[in-house]
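These are my notes from a session of looking things up in one structure. I began with the surface, then turned to the aromatic rings, and ended with the overall layout.

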Amino acid sequence: LSMALMLSHQEAGLTYGPSFRSTFRALDGEDYANRAEDRDVMTFGFFLNNINERRISESHVSYSLPSRSTWEGIKFGGIYSLDWKVQYQLGSLRLGGKIDLDYMNRDGDYDPFTLVQIGPSLSWQIGRYALNVEYTEVVNETESRDLIDLGDVAGHGAGRSQLGIGLSASL
């Protein structure tokens, strides 16, 4: 179960404000022990979106509080994240790319690490509705841990890549 809240302020093509997301443990079983799905995560951040005639830039800086696995008691350090996406408008289609940087500090049972993910971003907007498709791939290597494990710790899924599909409506 995940809950997100973003409070926004708009002026002259800019939208910005604080954000909060809480993800609560929803899965049980030994298969999920010591994984991102086995812990509650609280994330606080700030977002800034800049929209002009042809270019849309979205950035989000956040910090996820340290947390603990409910099955084995393994402690995960706090995670600093920077997500940035740029798209260019072509009619109702938006084409661009995104980069996600995540750093987990040495506040838990894992050594510090950094994840870097990049990939394309595509949006199609009609009126109040938008369809978004994004794909990211982990591009950095690390010697201390397997990247699949690091992806789980940072909450990005169970592998080196991530596909996101979203449907949204403006109210």
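Which residues form a nonpolar patch on the surface, and how much accessible area do they have together? I noted beforehand that I was working from a predicted model. The patch that I found consists of Leu90, Leu93, Leu95, Leu122, Trp124, Ile126, Leu131, Val133, Tyr135, Leu163, Ile165 and Leu167, and together these residues have about 1,100 Å² of accessible area. I then looked up which elements give two or more residues to the nonpolar patch, and wrote down β9 (93-104), β10 (113-126), β11 (129-138) and β12 (161-169).

From the patch I picked out tryptophan 124, which I located in strand β10. Its relative accessible area is 45%, so I entered tryptophan 124 as partly exposed, given that this class covers values between the 20% limit for buried and the 50% limit for exposed.

Next I turned to the aromatic rings. For such a pair I wanted two values, because a pair of aromatic rings is described by the distance of the centres and the angle of the planes. My search of the whole structure gave three aromatic pairs, and I followed up two entries in detail.

In one of the pairs, tyrosine 16 and phenylalanine 46 lie 6.5 Å apart centre to centre with 35° between the planes, and the pair is listed as tilted. The pair links distant parts of the chain, since tyrosine 16 belongs to strand β3 (residues 14-23) and phenylalanine 46 to strand β4 (residues 41-51), with the two residues 30 apart. I also checked their exposure: tyrosine 16 counts as partly exposed because its relative accessibility is 25%, and phenylalanine 46 counts as partly exposed at 44%.

For tyrosine 63 and tyrosine 80 I noted ring centres 4.7 Å apart and planes at 45°, so this pair is tilted. Here too distant parts of the chain are linked, with tyrosine 63 in strand β5 (residues 55-64) and tyrosine 80 in strand β8 (residues 79-90), 17 residues apart. Tyrosine 63 has a relative accessibility of 23% and therefore counts as partly exposed, while tyrosine 80, with a relative accessible area of 43%, is partly exposed.

Last, I recorded the overall layout. I counted one helix and 12 strands, and along the sequence I read the pattern β-β-β-β-β-β-β-β-β-β-β-α-β. Of the 171 residues, 34% are buried. The accessible surface comes to about 10,200 Å², and carbon and sulfur atoms hold 57% of that surface. Among contacts between residues at least 6 apart in sequence, I found that 48% join residues at least 24 apart.

Technical notes. Residues are numbered from 1 along each chain as its sequence is written. This is a predicted model: local features need pLDDT of at least 70, side-chain atom pairs count only at pLDDT 80 or more; totals for chains, interfaces and linings use all residues. Side-chain values use heavy atoms; hydrogens and water are left out. Rings of Phe, Tyr and Trp (its six-membered ring) pair if their centres lie within 6.5 Å; planes under 30 degrees apart count as stacked, over 60 as edge-to-face and the rest as tilted. Helices (H or I, at least four residues) and strands (E, at least two) are DSSP runs, numbered from the N terminus. Buried means under 20% relative accessible area, exposed over 50%, partly exposed in between (1.4 Å probe, protein chains only). Patches are made of residues with over 30% relative accessible area and no salt bridge: like charges are joined within 9 Å, nonpolar side chains (Val, Leu, Ile, Met, Phe, Trp, Tyr) within 5 Å. Accessible areas come from the Shrake-Rupley method with a 1.4 Å probe; for residues, only the protein chains shown count as cover. A salt bridge is a side-chain nitrogen of Lys or Arg within 4 Å of a carboxyl oxygen of Asp or Glu. Contact means heavy atoms within 4.5 Å.
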